[in-house]
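Trainee: Could we go through this model together? I would like to know what stands behind each label.

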Amino acid sequence: MCGIVGYVGKRDAFPVLIDGLKRLEYRGYDSAGVAYFCNNKIKTVKVTGFIKELERELGNIEDNPKIGIAHTRWATHGEPSITNAHPHTDCTGKIAVVHNGIIENYRALRQYLTERGHKFTTDTDTEVIAHLIEDVYNGGTDMPFWKAIRGALREVEGTYGIAVLFSEEPDRIFAARHGSPLLIGAGEDEYLVASDAAAVLRYTNRVIYLDEGTLATVKADSIVISTLDAESITPKIEKISLSLNEIEKGGFPHFMLKEIFEQPQTLENAFRGRLNLEEGTARLNGLKDYFDDLKDVERLVITACGTSWHAALIGEYLIEELARVPVDVDYASEFRYRNPIIKDNEAVIVISQSGETADTLAALREAKRQGAPVFGIVNVVGSTIARETDAGVYIHAGPEIGVASTKAFTSQVMVLEEIALLLGRMHGYSMAQGVDLIKEIKRVPELVELFLKKEDEIGTIRKIAEKYYMCNNFLYLGRGINFPVALEGALKLKEISYVHAEGYPAAEMKHGPIALIDKNTPAVFIATEDPLYDKIVSNIEEIRARGGPVIAVATEGDEQIMELTDNVIYVPQAVPLVMPMITTLPMQLLAYHIAVIRGTNVDQPRNLAKSVTVE
Ligand code: F6R
């Protein structure tokens with residue numbers, strides 16, 4: 001999604017802005033631009049395509065501004081083009097705006113402003129903000145510019161994080177947010193404005209997260225924040241614990257591969273200090289204030305999008321199995337608009353890596369509106385979802401830069417294991433069972449590491465990728481707790497290699513999808529040892545009988561599966577309840593290697609954004 005960077009301070013602004021934009025590249029974009037002051041006049045430079053292009057253009061400019069705003073655009077209104085790239089200006093060229101989010105009433109505003117003589121030059125929703133501010137500013141006498149921004153934003157419906165330059169006040173950046181993330185990096189006599197902490201980290205680890213509905217005036221040596229109702233707010237500086245290493249590739253060809261290989265560590269981070277072996281339960285201090293609600297809870301709703309939704313499905317299996325509490329899993333985009341039923345003694349869990357997904361945030365707000373306690377499972381510390389939930393558990397996976405989620409998914413599952421265990425112990429799961437499960441959970445990072453170090457298995461995955469990369473359709477099949485892993489495998493392949501893939505519960509295949517089977521449609525089975533193993537073997541036979549190639553993910557030592565399938569990837573033995581955190585690895589690696597062979601942009605696949613801040 002769009003990314004914003006602004007800088008005001010003692011340094012040359014261009015390198016800071018370019019560095020910041022590069023750190024936001026992973027969010028996905030199709031064009032980029034910068035606005036800055038030259039002799040107190042606003043100049044803009046815009047490109048389509050990569051930030052490198054923008055860097056080259058800026059390299060040809062002799063100006064050395066100390067203040068500027070920059071943007072990467074992920075097109076929503078109007079095609080990706082230089083005209084539609086941000087920053088956008090008003091009629092006079094005195095106001096420049098970059099924007100992340102969507103202005104929902106932009107058509108009405110555009111018509112109103114056009115009738116008042118404003119000339120629009122782009123297809124974007126953002127341009128209305130520049131003209132609207134201009135209109136409000138010109139309508140008042142001696143109106144301070146920040147008041148004009150406030151007045152304009154009051155008319156706007158939708159979501160925004162914006163940074164604004166105004167040529168009559170060339171020493172400051174105005175920044176405001178509602179629904180889209182925005183933070184201020186506070187350095188020594190310099191400030192940065194950014195939609196993501198990664199963009200400011202090289203310069204400072206001190207940040208001020210702007211609250212919903214706030215407006216900041218940022219100068220090199222001061223910052224003033226107020227609500228859109230003009231109430232002043234004291235800036236609260238927080239230290240972020242991110243390091244630059246965490247947002248660099250560290251010798252891997254792609255962030256995605258680096259993040260896959262980080263999983264032994266990230267899985268451990270997700271349970272460190274949270275497992276109480278003596279009492280066979282989980283220690284989740286983040287939820288402490290809600291233990292009474294959890295003891296009485298009669299139903300849980302878990303809501304999320306995409307990969308996080310797949311983690312939710314695994315959570316459903318885990319919680320129902322351990323705690324015998326009914327769980328419903330819902331797409332956040334459906335939940336928010338369905339007038340969902342949430343009764344007393346029910347609670348909602350939202351899952352989000354970024355903590356900014358617009359649909360998940362709206363689902364959270366809807367659940368709160370209905371009076372339910374809402375808990376978060378979030379990766380990005382300080383994100384909007386993390387801040388708006390009543391309580392929650394961070395997954396501590398560190399920054400996930402590859403657009404396709406990998407390590408965040410397994411860590412979300414790990415945290416769901418902990419929540420299921422905690423709930424289980426409140427609802428009848430015995431201490432002895434809890435102790436056994438904790439021992440199995442603690443082995444997971446080691447098993448994941450063992451798998452990732454096995455040259456044979458990684459080599460097998462590469463060979464499978466070479467054999468099938470030309471296929472245009474794949475089926476991913478699993479049962480029980482591994483069915484969501486099949487969904488996740490299919491999603492990974494679609495996202496990064498642009499190959500059509502579908503995930504199904506294996507037994508469901510014969511109710512339709514089996515018609516797809518031919519020699520060019522491989523079926524990837526998750527066929528590890530569990531109570532449904534024999535059933536899945538029958539499903540494999542059904543595919544074989546129809547001439548479809550079969551790739552199986554099986555438990556080490558399972559010789560029989562060799563005879564039934566074309567290729568086997570062996571994973572270490574583990575109990576079924578923790579198996580998804582292991583069987584996911586071959587899914588991620590298979591998608592990765594197919595994408596590499598097909599030559600796609602693995603870390604920034606076409607059309608996708610990392611943080612989906614529009615609905
Ligand atoms: C897939 C992927 C997306 C996200 C989805 C939700 O690899 O990354 O499907 O899972 O957009 O994002 P978060 O978890 O940030 O709410």
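**Salt bridges and their surroundings**

Mentor: Gladly. This is a predicted model, and a good place to begin is Glu556, which forms a salt bridge with Lys454, their closest N and O atoms being 2.2 Å apart. Glu556 sits in the loop between β26 (550-555) and α18 (560-564), while Lys454 sits in the loop between α14 (431-453) and α15 (455-468), 102 residues apart.

Trainee: Why is the pair Glu556 and Lys454 called a salt bridge?

Mentor: The label asks for a side-chain nitrogen of Lys or Arg within 4 Å of a carboxyl oxygen of Asp or Glu. Here the closest N and O atoms are 2.2 Å apart, so the pair meets the 4 Å cut-off.

Trainee: What makes Glu556 partly exposed?

Mentor: Its relative accessible area is 32%. Partly exposed covers what falls between the 20% and 50% limits, so that value earns the label. Lys454, at 29%, is partly exposed too.

Trainee: Why is Arg23 called buried?

Mentor: Buried means under 20%, and Arg23 has a relative accessible area of 12%, so the label fits. Arg23, in helix α1, pairs with Glu248 in the loop between β15 (238-239) and α6 (255-261), 225 residues apart. Their closest N and O atoms are 3.3 Å apart, and the pair forms a salt bridge. Glu248 is partly exposed, at 31%. Asp19, Arg23, Arg202 and Glu248 are linked in a network of salt bridges.

Trainee: How do you know that Lys66 and Asp12 form a salt bridge?

Mentor: Their closest N and O atoms are 2.5 Å apart, so they too satisfy the 4 Å limit. Lys66 counts as partly exposed at 37% relative accessibility, and Asp12 is partly exposed at 32%. The structure holds 32 salt bridges.

**Between the domains**

Trainee: How many salt bridges are there between domain 1 and domain 2?

Mentor: The count is 2. Asp211 forms a salt bridge with Arg387, with the closest N and O atoms 3.4 Å apart. For orientation, the domain assignment gives domain 1 (3-246), domain 2 (249-451) and domain 3 (459-603).

Trainee: What area is buried between domain 1 and domain 2?

Mentor: About 980 Å², of which carbon and sulfur atoms give 47%. In domain 1, Tyr26, Tyr209 and Glu246 lose the most area to domain 2, together 50% of what that side buries. In terms of contact, 11 residues of domain 1 meet 14 residues of domain 2.

**Backbone and burial**

Trainee: What makes the phi of Asn39 worth pointing out?

Mentor: Most residues other than glycine have a negative phi. The phi of Asn39 is near 50 degrees, a positive value in a residue other than glycine. Asn39 lies in the loop between β2 (31-38) and β3 (41-48). At 72% relative accessibility, Asn39 is over the 50% limit, so it counts as exposed.

Trainee: Which peptide bond is cis, the one that joins His86 to its partner?

Mentor: That bond joins His86 and Pro87, with omega about 0 degrees. Pro87 lies in the loop between β4 (67-73) and β5 (88-89).

Trainee: And how do you know that Ala96 is buried?

Mentor: Ala96 has a relative accessible area of 0%, which is under 20%, so it is buried. Ala96 belongs to strand β6 (residues 95-100). Beyond its neighbours within four places in sequence, Ala96 is in contact with residues including Ala35, Ile42, Pro87 and Val164.

Technical notes: Residues numbered from 1 in each chain as written. Predicted model: local features only at pLDDT ≥ 70, side-chain atom pairs only at ≥ 80, totals over all residues. Heavy atoms only, no water. Domains from an automatic or database assignment. Contact = heavy atoms within 4.5 Å. Buried area = accessible area lost by both parts, 1.4 Å probe. Helix = DSSP H or I, 4+ residues; strand = E, 2+ residues; numbered from the N terminus. Buried < 20%, exposed > 50% of the residue type's maximum accessible area, 1.4 Å probe, protein only.
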